[in-house]
Amino acid sequence: MSKEQSNIIEYLVCVIGAFARQFSLTNAKAYQYLRQYKGLEFLTKHYGVEHTQSIEDAVEDVTIICNRHGGVISTMKLYHGSNMSIHEIDLKRGRRGKDFGQGFYLSADRSQAQMMAERTVDREESGEATLTIYEFDDNILFKPSDLKVKVFEGYSKEWAEFIMINRRNRTLMPVHDYDIVYGPIADDKVGLQINRYQMQYILMDELIRQLSFIRPTFQYFFGTERAIRLLHKIENQ
């Protein structure tokens, strides 16, 4: 067995264990599920990229892959980072001009939410970094329902234009009527490239090309009362 094969196996064991803990499965059940619904195939094929990211990212990725191939495990933990615990979600308290508009934002990546919590403490100069944890049925993103859902699976021209029109909007009137939006965060690195486009230093095709070198971190946006009713609070940390 080569060193690379050994590394891949060790990595898969770590992800299987994390997946099992996330969904309260035995390691054997987690292995069977990920094998049956192509999660392990995805991780092996994209090991070169996946192993450079957090295990939490990998669990999020294979959850989505398995759902698309017929898997039924879908309830996942989402984290909201703030300078206080969230007892009741108030959409009006959301900041205007954000990536997907004014609403309630969460991440499946605990470390990303923690970073946002610490940033909020620094910005507000009050409180302490706190994570509020929710459960959410991720299948809602991909199955027919009466909800209006928008999914951006990666960086694209449509995603970039959606980001820019929302960031420009500082009014109380939203620019879209989606209940839930899922897609990449326009973080500092991504925002730099978007600014270069807006200043006409680069064209849209070059913007998307530059973004292709940046691994996306995804976020969940809940913009309506019926959307936030789908979030089930677990705890604060």
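E50, D61 and R215 are linked up in a network of salt bridges. Keep in mind that this is a predicted model. Across the whole structure, a search turns up 13 salt bridges. Three of those pairings get a walk-through below, followed by a look at how α1 meets α2.

**The R215–E50 pair**
- R215 and E50 form a salt bridge, with 3.5 Å between their closest N and O atoms.
- R215 sits in the loop between α9 (204-211) and β6 (218-222), while E50 belongs to helix α4 (residues 47-50), so this pair ties together parts that are 165 residues apart in sequence.
- E50 is the buried partner, because its relative accessible area is 2% and buried means under 20%.
- R215 is partly exposed, at a relative accessible area of 24%.

**The E153–R68 pair**
- Here the side chains of E153 and R68 come together in a salt bridge, 3.2 Å from N to O.
- E153 is in the loop between β4 (149-151) and α7 (157-168), and R68 is in helix α5 (residues 55-68), so the bridge ties together parts that are 85 residues apart in sequence.
- E153 is exposed, with a relative accessible area of 56%.
- R68 is partly exposed, with 40% relative accessible area.

**The D179–R226 pair**
- D179 and R226 also meet through their side chains in a salt bridge, at 2.9 Å from N to O.
- D179 lies in the loop between α7 and β5 (180-184), and R226 lies in helix α10 (residues 225-228), so parts that are 47 residues apart in sequence are tied together by this pair.
- D179 is buried, with just 3% relative accessible area.
- R226 counts as partly exposed, at 33% relative accessibility.

**Where α1 meets α2**
- Helix α1 (residues 3-22) and helix α2 (residues 27-36) have axes that come within 8 Å and cross at roughly 105 degrees.
- That crossing makes α1 roughly perpendicular to α2, because angles of 65 to 115 degrees count that way.
- On the α1 side, the contact is made by I16, G17, F19 and A20.
- On the α2 side, N27, A30, Y31, Y33 and L34 do the job.
- By residue type, this contact divides into 7 nonpolar and 2 polar residues, with no charged ones.

Definitions and conventions
Residues are numbered from 1 along each chain as its sequence is written. This is a predicted model: local features need pLDDT of at least 70, side-chain atom pairs count only at pLDDT 80 or more; totals for chains, interfaces and linings use all residues. Side-chain values use heavy atoms; hydrogens and water are left out. Axes are lines fitted to C-alpha atoms, for helices over the stretch in contact, and angles run from 0 to 180 degrees between N-to-C directions. Helices (H or I, at least four residues) and strands (E, at least two) are DSSP runs, numbered from the N terminus. Angles under 35 degrees count as roughly parallel, over 145 as roughly antiparallel, 65 to 115 as roughly perpendicular and the rest as oblique. Contact means heavy atoms within 4.5 Å. Ala, Val, Leu, Ile, Met, Phe, Trp, Tyr, Cys and Pro count as nonpolar, Asp, Glu, Lys and Arg as charged, and the others, Gly among them, as polar. A salt bridge is a side-chain nitrogen of Lys or Arg within 4 Å of a carboxyl oxygen of Asp or Glu. Buried means under 20% relative accessible area, exposed over 50%, partly exposed in between (1.4 Å probe, protein chains only).
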